[in-house]
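Work through the exercises below with the model open beside you. Try each task before you read its solution.

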Amino acid sequence: MRLRKKPWIEEALQDYGDIVYTVPPAGVAGHWRAHIGAPGPLWVEIGSGKGQFIAGLAARTPQANLIGIEQVRDILYYAAQKVRAGELTNVRLLAWNAEDLTALFAAGEIDRLYLNFSDPWPKARHAKRRLTHHLFLDRYRVLLAPDGELRFKTDNHDLFMFSLEEWQREDWELVDVSMDLHADEPEDNVRTEYEVKFSAKGQPIYQAIVRPPKGVGEDV
Ligand SMILES: C[S@@+](CC[C@H](N)C(=O)[O-])C[C@H]1O[C@@H](n2cnc3c(N)ncnc32)[C@H](O)[C@@H]1O
């Protein structure tokens, strides 16, 4: 997703200060649920893009506390607009790189992590940048609640196979795997921008729902 850098973006984002955080509020790690204020669980999406998924999920599940993390501020701006337009009070957006995820949350704080159409980084030398690389899985398993889960969708077969191998290598539990999600699309599936685009081209959408190994969430 390449967009020309918008010189006015920092100023524009200030108008969305109630939704977008470029720095997380002091002391919020471990208290995100109280901070956002919805009664239900904490769900986090990494790489939210223009926000179609997080805004759609928020509208469908007002009881959930939702955080979208996106490192490109120009793109995050579109997500902020959707959240404001939908009057979605249960969403916050963080302009942040997921490499530094552990600075944002307390151990065991996240009930569900979403990775949607993550950048595939096809070259082997870039494998560590894939958001399902085992170095990322190590961080996720610390931050996920004991019964927490990771939900991953992609159109990219190679990335999906790589991810399955990484989860197997790290002893994650495969709860559900679909090689063609739209063949029997779950009623609660929220399509992302990329999902709409790739599905329209006739490409199958892969999905995995996985859980980290038990008893290791405590060792930060
Ligand atoms: C291919 S796009 C998919 C966007 C959206 N999830 C969708 O499905 O339509 C991947 C997004 O993840 C973001 N991203 C990639 N690596 C990231 C990281 N380490 N931290 C935060 N965002 C990241 C990119 O900037 C981009 O907006």
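The exercises go from the sheet to the core, then to the ligand and two loops.

The model is predicted: local features need pLDDT of at least 70, side-chain atom pairs count only at pLDDT 80 or more, and totals for chains, interfaces and linings use all residues. Residues are numbered from 1 along each chain as its sequence is written.

**Exercise 1. Give the strand order of the open sheet and find its edges.**

Step 1. Fix the terms. Strands (E, at least two residues) and helices (H or I, at least four) are DSSP runs, numbered from the N terminus. Two strands pair if DSSP finds at least two bridges between them.

Step 2. Read the order. The open sheet has eight strands, β1-β4-β3-β2-β5-β6-β8-β7, and its pairing is mixed.

Step 3. Find the edges. β1 (20-21) and β7 (173-178) each have a single partner strand, so one side of each lacks a neighbour in the sheet.

Step 4. Check two pairs. β2 and β3 run parallel and are joined by five bridges. There, L42 has N65 in β3 as its bridge partner. β5 (residues 110-116) and β6 (residues 144-154) also run parallel, with six bridges. R112 stands opposite E149 in β6.

**Exercise 2. Decide whether strand β2 is buried or exposed.**

Step 1. Set the cut-offs. A residue is buried if 20 or more other C-beta atoms lie within 10 Å of its own, exposed if 12 or fewer, and partly exposed in between; C-beta atoms are placed from the backbone.

Step 2. Count. In β2 (residues 42-46), five of the five residues are buried, so the strand is largely enclosed by the rest of the structure.

Step 3. Look at both faces. L42, V44 and I46 are buried on one side, W43 and E45 on the other.

**Exercise 3. Place L113 in the core and list its contacts.**

Step 1. Define the core: buried Ala, Val, Leu, Ile, Met, Phe, Trp, Tyr and Cys residues joined through C-beta atoms within 7 Å.

Step 2. Locate L113. The largest nonpolar core has 48 residues, and L113 is among those with the most contacts inside it, along with V44, I54, L66, A80 and L93.

Step 3. List the contacts (C-beta atoms, placed from the backbone, within 7 Å). Beyond four places in sequence, L113 meets V44, I46, Y140, L144 and L150.

**Exercise 4. Describe the shell around the ligand.**

Step 1. Count the residues near the ligand (C-beta atom, placed from the backbone, within 6 Å). There are 21, and G47, G49, A98, F117 and T192 come nearest.

Step 2. Find the elements. β3 (65-70) and α7 (193-200) give two or more residues. The largest share, three residues, comes from α7.

**Exercise 5. Compare F117 and E87 by phi, place and burial.**

Step 1. Recall the background. Most residues other than glycine have a negative phi.

Step 2. Read phi. F117 has a positive phi of about 55°. For E87, phi is positive too, near 50°.

Step 3. Place them. F117 sits in the loop between β5 and α5. E87 lies in the loop between α4 (73-85) and β4 (91-95).

Step 4. Judge burial. F117 is buried, with 22 other C-beta atoms within 10 Å. E87 is exposed, with 8.

Step 5. Follow one contact. D155 touches F117, and also Y194, F198, Q203 and I205, leaving out residues up to four places away in sequence. D155 itself is in the loop between β6 and α6 (157-169). It counts as partly exposed, with 18 C-beta neighbours inside 10 Å.

How values were computed
Near = placed C-beta within 6 Å. Nonpolar A, V, L, I, M, F, W, Y, C, P; charged D, E, K, R; others polar. Contact = placed C-beta atoms within 7 Å.
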